[in-house]
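Subject: A structure to look at

Hello,

Here is the structure I promised to pass on. Have a look at it first, and then read on for a short tour of what turned up.

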Amino acid sequence: MSKILIVDDEADICLLLKKFFTKNGYEAQTASDGEEAISFLKSNPVDLVICDFKLPDYNGLEILQKIKIINSKIQVIMITGYSDVRIAVDALKKGAYDYVTKPLYPEEILLTVKNALAAEPKQVVSTANQKQKQRTPRSKKNAQADYIVGNSPQALNVQKHIELIAPTDMSVIILGETGTGKEYVAKSIHRLSKRKDQAFVALDCGALPEELAASELFGHIKGSFTGAIDDKEGCFERANGGTLFLDELGNLSYENQIKLLRVLQERYVRRVGGAKDLPVDVRVIVATNEDLKEAVREGEFREDLFHRVNEFSIELAPLRERGEDIILFAEQFLNKANEQLDKSVEGFDDKALAILKSHHWHGNLRELGNVVKRAVLLCQHKYIEDSCLPTELVHPENEEHSEIAINLNGGIPSSLKAVVEQAEKTAILEVLKKTNNNKSKTAELLEVDRKTLYNKIAQYDIDL
Ligand SMILES: Nc1ncnc2c1ncn2[C@@H]1O[C@H](COP(=O)(O)OP(=O)(O)OP(=O)(O)O)[C@@H](O)[C@H]1O
């Protein structure tokens, strides 16, 4: 029986979810804050944690990091407010499996929990030689392949490049905002390559604590550091003959960048603490949503490594710039949700479609997928109406109102959160100005890491 820990400071939510999951055949426990959760996890085996992003003592990212240090295999699902979607996406990058937004619908969480428990922990996902699951399509629409190319000029161009580059052994760098489908593209290159019958191994460098990165990449020898209780294969060895996808490459430490470059150049890998060089034949595809060229200019990323992985680059457009493709994807996600939730919603009404087309989609395809899944869950008719969409999408003006009130200096801000965000944005803008837009210096002066600064720059739409 899978064991779930629910962490929320609202006792009602804990109680409701505990009852619901127990009824559905899980062993569920609760904790009301981060400390209680951590001490529980240290002495009890748990498969999955459902955790509110805002706990009295820790925020979601802090607790996620602590959970992953205790046991990186525990799947974590974050509960957030819809306006925190961008923060939730950050949690996904750090290893959370998925997020669900408030208000909570137990059925939706149950589906996410089932998917999470069936999936491998996010840190390393291997799709090696896995046969596609055979499903009987419920309708003709469901027979569509999972992968959508799209009809926008950008999408057609990307597809052309995928087909062109796939048969070669060149390294590829895939650029694009979070959730634009970088990993999907990497898998698509692998599937079209001559390595398609070998492993595809994905490693999210953003989700790795620095001390574990070398061991995940190159493996280790028993006893080479505290915690190395056995010999371990790294991703290069696991991907031998196939493709290695390194997501969030910009997050690798300088030292690991040097080691990675050496492996790419020499095609030998040496496990941490090992003395033997093992030959590896791996095609490397990397992805990043930060500007690596700038990281090179600022001395944060090695130029030689950048050129080594940048033999060919593919840039994915944000969803908001993909016009009618938004509808194609929405329909694809609708079919998938129908299948998962055993529903038969037929489509979207005109108003809902117009809302989907005009939303900003900071979380791109991932955000769209989650919005559509919830809409299908809520939909009681043939077509999804605006009442099934998050209010933040239907009334985006409400969000803007709070900002405008603050910008008016003297207006009354609508929430404490809005005040904090405005203050952060102002501070970042001022320091960026002082440092001539040097992000590393700005991060240093503001005492945040570079990654956090990048995320905030994106969150507040700061133009540089
Ligand atoms: N071409 C596609 N067709 C159908 N669904 C897609 C496609 N590309 C992406 N998706 C959907 O969007 C989600 C996000 O895709 P993916 O994980 O590849 O994005 P990403 O850019 O790698 O994200 P991140 O930067 O956060 O790692 C996937 O779970 C999938 O549901």
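Before the tour, one term: a residue is called buried if 20 or more other C-beta atoms lie within 10 Å of its own, with C-beta atoms placed from the backbone. Please also keep in mind that this is a predicted model.

**The chain as a whole**

The secondary structure comes to 20 helices and 15 strands. Of the 464 residues, 38% count as buried. If you look at contacts between residues at least 6 apart in sequence, 70% join residues at least 24 apart.

**A strand to start with**

A good place to put the definition to use is strand β9, residues 243-247, where 5 of the 5 residues are buried. In a regular strand, side chains alternate between the two faces of the sheet. In β9, T243, F245 and D247 point one way while L244 and L246 point the other way, and all are buried.

What does β9 pair with? Strand β8 (residues 200-204) runs parallel to β9 and is joined to it by 5 bridges, with L203 standing opposite L246. β9 also pairs with β12 in the parallel sense, over 4 bridges, and there the bridge partner of T243 is R283.

From β12 (residues 283-288) you can step on to β7 (residues 172-175), since these two strands pair in the parallel sense over 4 bridges. L175 in this pairing stands opposite T288. β7 in turn pairs with β13 (residues 312-315), again parallel and over 4 bridges, and I173 stands opposite S313.

**Two cores**

Nonpolar side chains tend to be buried together in soluble globular proteins. The largest nonpolar core here has 45 residues, and the members that touch the most others are I174, V201, F236 and L244. There is a second, separate core of 39 residues, which includes I6, L41, L64 and V76.

**The ligand and K182**

Which residues come nearest to the ligand? Of the 20 around it, they are G181, K182, E183, Y184 and L365. The elements that give two or more residues to this shell are α4 (85-93), α7 and α15 (364-378). By type, the shell divides into 6 nonpolar, 8 polar and 6 charged residues.

K182 is worth a closer look. It is found in helix α7, residues 182-191. Is K182 buried or exposed? K182 counts as buried because it has 26 C-beta neighbours inside 10 Å. Apart from its neighbours within four places in sequence, K182 is in contact with I174, G176, A287 and L316.

**The region at residues 3-117**

UniProt, in an unreviewed entry, places the feature "domain: Response regulatory" at residues 3-117. Over those residues the chain is 48% helix and 22% strand, and the end C-alpha atoms are 10 Å apart.

The UniProt annotation "modified residue: 4-aspartylphosphate", also from an unreviewed entry, covers D52. D52 is found in strand β3, residues 48-52. With 25 C-beta neighbours inside 10 Å, D52 counts as buried. Not counting residues up to four places away in sequence, D52 touches V7, D8, D9 and I79.

**Backbone details to check**

Most residues other than glycine have a negative phi, and most peptide bonds are trans. Here are some places that depart from this pattern:

- K102 and P103 are joined by a cis peptide bond, with omega about -5°. P103 lies in the loop between β5 (98-101) and α5 (106-118). As for where this sits relative to the ligand shell's K182, K102 is 80 residues from K182 in sequence and 27 Å away in space, C-alpha to C-alpha.
- D342 is not a glycine, yet it has a positive phi of about 55°. D342 lies in the loop between α13 (325-341) and β14 (347-348). D342 is exposed because it has 7 other C-beta atoms within 10 Å.
- N364, also a residue other than glycine, has a positive phi near 50°. N364 is found in helix α15, and with 25 C-beta neighbours inside 10 Å it counts as buried.

I hope this helps you find your way around.

Best wishes

Key
Residues are numbered from 1 along each chain as its sequence is written. A residue is buried if 20 or more other C-beta atoms lie within 10 Å of its own, exposed if 12 or fewer, and partly exposed in between; C-beta atoms are placed from the backbone. Two residues are in contact if their C-beta atoms, placed from the backbone, lie within 7 Å. A nonpolar core is a set of buried Ala, Val, Leu, Ile, Met, Phe, Trp, Tyr and Cys residues joined through C-beta atoms within 7 Å. UniProt positions are given in the numbering used here, feature names are shortened, and annotations may be inferred rather than shown by experiment. Two strands pair if DSSP finds at least two bridges between them. A residue is near a molecule or strand if its C-beta atom, placed from the backbone, lies within 6 Å of it. Ala, Val, Leu, Ile, Met, Phe, Trp, Tyr, Cys and Pro count as nonpolar, Asp, Glu, Lys and Arg as charged, and the others, Gly among them, as polar.
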